[in-house]
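Got the viewer open and a selection box ready? Here is a walk through the model, one stop at a time.

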2 protein chains.
Amino acid sequence: MVRKDSHKILDCTIRDGGLVNNWDFSVEFVQNLYRGLSEAGVAYMEIGYKNSAKLLKSEDSGPWRFLNEDFLKEVIPTKTETKLSALVDIGRVDENDILPREESVLDLIRVATYIKDVDKAIELIEKFHSMGYETTLNIMALSHVKENELSEAFAEIAKSPVDVVYVVDSYGSMDHRDVDYMISKFQRMLPDKELGVHMHNNMQLAFSNTLIGAEKGVSYLDSSVYGMGRAAGNCPTELLVSYLKHPKYNLRPVLEIIEKLMIPMREKVEWGYLIPYTVTGILNEHPRTAMALRNSEDKDKYVEFYDRLTSPEIMVK
Amino acid sequence: MVRKDSHKILDCTIRDGGLVNNWDFSVEFVQNLYRGLSEAGVAYMEIGYKNSAKLLKSEDSGPWRFLNEDFLKEVIPTKTETKLSALVDIGRVDENDILPREESVLDLIRVATYIKDVDKAIELIEKFHSMGYETTLNIMALSHVKENELSEAFAEIAKSPVDVVYVVDSYGSMDHRDVDYMISKFQRMLPDKELGVHMHNNMQLAFSNTLIGAEKGVSYLDSSVYGMGRAAGNCPTELLVSYLKHPKYNLRPVLEIIEKLMIPMREKVEWGYLIPYTVTGILNEHPRTAMALRNSEDKDKYVEFYDRLTSPEIMVK
């Protein structure tokens, strides 16, 4: 139904999926994914985090957590029309790691931030922008942000050079009305910026919410193949590719990725519609308690988990 | 967000889920489900089909496919506020099997029909209605019905005594706009009937579509616990119970059902978001080809399956 070519799919399988498997993707996996997404008409592939290993405990993470330009040039020697992006976190990125865009494989740098650090995020964005990159600002945990804080942040963001501002449903707690309300607000407060949505699937609403965003004029639609991403995962790329009605989109290569790469991956690590994530989504909470539960022997003790999270005496938040 | 107490959840775990496990639910399973759904605030439990074993190949089906009143009275000796329903198919029900409502455990009989048999469905409904039952008419495969056929059917349905008319997304191919369009049409053509929605989850839209229906004033919302139902399954009961904002709804007993009954069941039989069902949903087709694939050695050969279903030379429909 959404027919205009005004949308860009940004596939974050490697970056967000890395939160599930500690970025343990082989080079071949990433190369095949890039080729498949290119054939599918996906505009951007987020190939990882560009955080600094010096500023984080690395915990034997795979190379997609701390992207290195020399390595990336080996992985992707020839680029297609699909652009490459990387995400950075406030306080975890070393600006000196970033090459000017003309020397980089990356096209887009996205800055993820909590509301309290929006000023730091804007500083980074100004720097990346001056180096020639496309930029986005992703305000995380939007469902916990107070209205007045958001209004103050908007004033700063509007003046910044950032290209795209994201509505991020970190906890998978938004429904279509929440998305509609947020997008309207962002459009009103940031009339000169493009918008993006990054939805989580705790309540099986990631795809539906992304469509609501697309219909309201949001340009950047985040997704991942087979929904791979932290906890309940994301809007599935295969559904977006099949739904958006532009001739460039092609479902077949995405099905090939799922068959060859994602089904074996899903047998090793888990994400998706699992009840503890549904519970944290319903309660509008960070999924960390649910992730801990799924890593324990009690992983299917949903009632005990629910009681713990909803008990007025023993709050775990 | 949907706060009015104008909605009734109808859980069809046993009836629709039976299509997955050949109705192989133990009596204890069904009793625990009934108790849990009652505590959760669910208005109706569909306890099976009331088709006749004489009119169908039974294939060793469990007892919930051919409900027997004496058996049902043993299973549910004491009823709660949660009413019981059964589904019948045109041509598969023996009217002489149906007791008058005051002698029956059942409260509601639902008649499922393809558009061509709506007249037969209405005949049955008139009979059940005169026996004291609440009745619904469920027009299956609505996404394949021609507009003029539907208009003709509406004229007959409007004159019938049926209480509720359902929008059934048999193939899981509808999005929110389709649901919005259909509900508006049903409301315009059948202003004196209550409406229901029965959605399938091929594109992860069953819950979202059900919410769209609820907001537009649809009263009867079909669901099943953990989404158990044929192929991609249904709108999950746990999501509806947590979303609808009336004090009678209680998520905890549904979580208990999932933990104790559904997780072990899902390890034995499969349903839910599996790519072949997504493909038939996208193509607006009956899932039978996808079900056959999942029962074969080629169950994860998605690309081959997609090619087969979309090839202009070798149509499998």
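Start by selecting A:Glu256, and keep in mind that this is a predicted model. A:Glu256 has 27% relative accessibility, so it counts as partly exposed. Now add A:Lys260, which at 54% relative accessibility counts as exposed. Show both side chains: A:Glu256 and A:Lys260 form a salt bridge, with their closest N and O atoms 3.1 Å apart. Why do these two sit about one helical turn from each other? Because they are four residues apart in helix 9 (residues 252–268) of chain A.

**Over to chain B for two more pairs**

Select B:Asp94 and B:Lys54. Their closest N and O atoms are 3.2 Å apart, and the two residues form a salt bridge. B:Asp94 lies in the loop between strand 3 and strand 4 of chain B, while B:Lys54 lies in the loop between strand 2 (44–49) and helix 3 (69–75) of chain B, so the pair ties together parts that are 40 residues apart in sequence. Buried or exposed? B:Asp94 is buried, at a relative accessible area of 18%, whereas B:Lys54 counts as exposed at 65% relative accessibility.

Next, pick B:Asp117 and B:Lys120. This is another salt bridge, and the closest N and O atoms of B:Asp117 and B:Lys120 are 3.3 Å apart. B:Asp117 is buried, with a relative accessible area of 11%. B:Lys120 is partly exposed, at 46% relative accessibility.

In general, side chains of opposite charge can pair when their charged atoms come close. Over all chains, the salt-bridge count comes to 44. For a linked group, go back to chain A and select A:Arg15, A:Asp16, A:Glu46, A:Arg110 and A:Asp222: salt bridges join them in a network.

**A strand with cover on both faces**

Switch to cartoon and select residues 108–113 of chain B, which make up strand 4. How many of the six residues of this strand are buried? Six of the six are, so strand 4 of chain B is largely enclosed by the rest of the structure. Turn the side chains on and look at each face of strand 4. On one side are B:Leu108, B:Arg110 and B:Ala112, on the other B:Ile109, B:Val111 and B:Thr113, and all of them are buried.

Now bring in the neighbouring partners. Strand 3 (residues 83–89) of chain B pairs with strand 4 of chain B in the parallel sense, over five bridges. To see a matched position, select B:Val88 and B:Val111, which stand opposite each other. Strand 5 (residues 134–139) of chain B also pairs with strand 4 of chain B in the parallel sense, over six bridges. Here, B:Asn138 in strand 5 is the bridge partner of B:Ala112.

**Where the chains meet**

Colour by chain and turn to the contact between chain B and chain A. Chain B puts in 38 residues and chain A puts in 38 residues. About 3,700 Å² is buried between the two chains, with carbon and sulfur atoms giving 64% of that area. Four salt bridges cross the interface. To view one of them, select A:Arg252 and B:Asp307: their side chains meet at 2.6 Å, N to O. The count of residue pairs in polar contact between the chains, both at pLDDT 80 or more, is 17.

Which elements should you highlight on the chain B side? Those giving two or more residues are helix 6 (176–189), helix 7 (206–215), helix 8 (237–243), helix 9 (252–268), helix 10 (275–282) and helix 12 (302–310) of chain B. Helix 9 of chain B gives the most, with six residues. Colour this side by residue type, and the division is 21 nonpolar, six polar and 11 charged.

**Two stops in chain A, and one in chain B**

Select A:Arg35 in helix 2 (residues 27–40) of chain A. A:Arg35 counts as partly exposed, at 49% relative accessibility, and its side chain makes a polar contact with that of A:Asn32 (2.5 Å). Add A:Ile257: the C-alpha atoms of A:Arg35 and A:Ile257 are separated by 9.6 Å, though the residues are 222 apart along the chain.

Then check backbone angles. Most residues other than glycine have a negative phi. A:Ala231 is not a glycine, yet has a positive phi of about 60°. Look for A:Ala231 in the loop between strand 8 (220–223) and helix 8 (237–243) of chain A, where A:Ala231 is buried with a relative accessible area of 6%.

Finish on B:Ala231, which has a positive phi of about 60°. B:Ala231 is in the loop between strand 8 (220–223) and helix 8 of chain B, and counts as buried at 8% relative accessibility.

Methods:
Residues numbered from 1 in each chain as written. Chains lettered and ligands numbered in written order. Predicted model: local features only at pLDDT ≥ 70, side-chain atom pairs only at ≥ 80, totals over all residues. Heavy atoms only, no water. Contact = heavy atoms within 4.5 Å. Buried area = accessible area lost by both parts, 1.4 Å probe. Polar contact = N/O pair within 3.5 Å; in protein donor to acceptor, adjacent residues only side chain to side chain. Nonpolar A, V, L, I, M, F, W, Y, C, P; charged D, E, K, R; others polar. Buried < 20%, exposed > 50% of the residue type's maximum accessible area, 1.4 Å probe, protein only. Pairing = 2+ DSSP bridges.
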